[in-house]
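Subject: Structure for your review

Dear colleague,

Please find below the structure I promised to pass on. My notes on its contents follow directly after it.

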Amino acid sequence: MVDYDMDAPPYAPFFGVMGVTAAMSFCALGAAYGTAKSGTGISAMAVMKPELIMKSVIPVVMAGIIAIYGLVVAVVIIQDIPSTGYSLYKSFLHLGAGLSVGLSGMAAGFAIGIVGDAGVRGTAQQPRLFVGMILILIFAEVLGLYGLIVALILSVKS
């Protein structure tokens with residue numbers, strides 16, 4: 001009969017790897033949506049005021065940072081998955097870390113996309129809206145940062 005460790009079953013790495021997958025895929029989905037939605041607003045705005053294109057790229061950069069959050073957590077988790085002796089507790093912590101950063105990153109990316117789209121269009125018509133748009137983008141970005149902090153705390157917990 002095969003020796004079976006109840007604390008470290010052979011299926012435990014599945015949950016850790018799903019945490020890596022959730023971190024990367026959900027954050028990338030949020031970043032892609034934020035980039036696409038903001039990009040359409042930039043394109044529509046640039047038809048009338050092409051001189052504002054570089055100023056309007058800020059939402060796209062902020063959306064891209066969301067994907068970096070997922071990448072950081074995915075690398076931290078994957079480095080912590082051993083080849084043997086991986087407990088269910090640790091694998092569920094890794095799954096929770098991946099879901100934490102992934103879902104908050106997706107929400108942040110959606111918020112950045114919507115604010116970026118409306119913000120760059122509005123800024124083209126009224127330049128005084130720019131500071132307000134940046135502040136709202138920062139508040140949207142910090143949602144992903146909260147998920148990153150929680151994920152890092154979960155992933156280093158033993």
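Lys 37 counts as partly exposed, because its relative accessibility is 27%. Please bear in mind throughout that this is a predicted model.

**Salt bridges**

Lys 37 is a convenient entry point to the charged contacts. Its side chain meets that of Asp 117 in a salt bridge, with an N to O distance of 3.7 Å. This contact joins distant parts of the chain, since Asp 117 belongs to helix H3 and Lys 37 to helix H1, 80 residues apart. Asp 117 counts as buried, because its relative accessibility is 11% and the limit for that class is under 20%.

Asp 117 also forms a salt bridge with Arg 121, where the closest N and O atoms are 2.7 Å apart. Here both residues lie in helix H3, four residues apart, or about one turn of the helix. Arg 121 is partly exposed, at a relative accessible area of 38%. Taken together, Lys 37, Asp 117 and Arg 121 are linked in a network of salt bridges.

How many salt bridges does the count give? The count comes to three. Besides the contacts of Asp 117, there is a salt bridge between Asp 80 and Lys 90, with the closest N and O atoms 3.0 Å apart. This pair also links distant parts of the chain: Asp 80 is in the loop between helix H2 (58-79) and H3, while Lys 90 is in helix H3, and ten residues separate them. As for accessibility, Asp 80 is partly exposed at 31%, whereas Lys 90 is buried at 13%. In general terms, side chains of opposite charge can pair when their charged atoms come close.

**Aromatic contacts**

The count of aromatic pairs is four. In one of them, the ring centres of Phe 15 and Phe 92 are 4.7 Å apart and the planes meet at 55°, so the pair is classed as tilted. The pair bridges helix H1 (residues 12-48), which holds Phe 15, and helix H3 (residues 88-125), which holds Phe 92, over a separation of 77 residues. Phe 15 is partly exposed, with a relative accessible area of 21%, and Phe 92 is partly exposed as well, with 43%.

Tyr 33 and Phe 110 make up another tilted pair, at 4.4 Å centre to centre and 40° between the planes. Tyr 33 lies in helix H1 and Phe 110 in helix H3, so this pair ties together parts that are 77 residues apart in sequence. Tyr 33 counts as partly exposed at 30% relative accessibility, and Phe 110 counts as partly exposed at 34%.

Phe 15 and Phe 92 also belong to one aromatic cluster, together with Tyr 11 and Phe 14. A further contact of an aromatic ring involves a charge: the charged end of Lys 55 sits over the ring of Phe 130, 4.5 Å from the ring centre.

**A nonpolar surface patch**

Which residues form the nonpolar patch on the surface? They are Leu 143, Leu 145, Tyr 146, Ile 149 and Ile 153, and together they have about 460 Å² of accessible area. Leu 143 is located in helix H4 (residues 129-156). With a relative accessible area of 39%, Leu 143 is partly exposed, and this value fits the patch because membership requires over 30%.

**Annotations from UniProt**

Two annotations from an unreviewed UniProt entry can be set beside the model. The first is "domain: V-ATPase proteolipid subunit C-like", placed at residues 18-77 and 95-154. Over residues 18-77 the model is 85% helix and 0% strand, with the end C-alpha atoms 10 Å apart. For residues 95-154 the values are 95% helix and 0% strand, and the end C-alpha atoms are 9 Å apart.

The other annotation is "transmembrane region", which the unreviewed entry gives for residues 12-36, 57-79, 91-116 and 128-154. Among these spans, residues 57-79 are 96% helix and 0% strand, and their end C-alpha atoms lie 34 Å apart. Residues 91-116 are 100% helix and 0% strand, with 36 Å between the end C-alpha atoms.

With kind regards

How values were computed
Residues are numbered from 1 along each chain as its sequence is written. This is a predicted model: local features need pLDDT of at least 70, side-chain atom pairs count only at pLDDT 80 or more; totals for chains, interfaces and linings use all residues. Side-chain values use heavy atoms; hydrogens and water are left out. Patches are made of residues with over 30% relative accessible area and no salt bridge: like charges are joined within 9 Å, nonpolar side chains (Val, Leu, Ile, Met, Phe, Trp, Tyr) within 5 Å. Accessible areas come from the Shrake-Rupley method with a 1.4 Å probe; for residues, only the protein chains shown count as cover. A salt bridge is a side-chain nitrogen of Lys or Arg within 4 Å of a carboxyl oxygen of Asp or Glu. Helices (H or I, at least four residues) and strands (E, at least two) are DSSP runs, numbered from the N terminus. Buried means under 20% relative accessible area, exposed over 50%, partly exposed in between (1.4 Å probe, protein chains only). Rings of Phe, Tyr and Trp (its six-membered ring) pair if their centres lie within 6.5 Å; planes under 30 degrees apart count as stacked, over 60 as edge-to-face and the rest as tilted. A charge sits over a ring if NZ of Lys or CZ of Arg is within 6 Å of the ring centre and within 35 degrees of the ring normal. UniProt positions are given in the numbering used here, feature names are shortened, and annotations may be inferred rather than shown by experiment.
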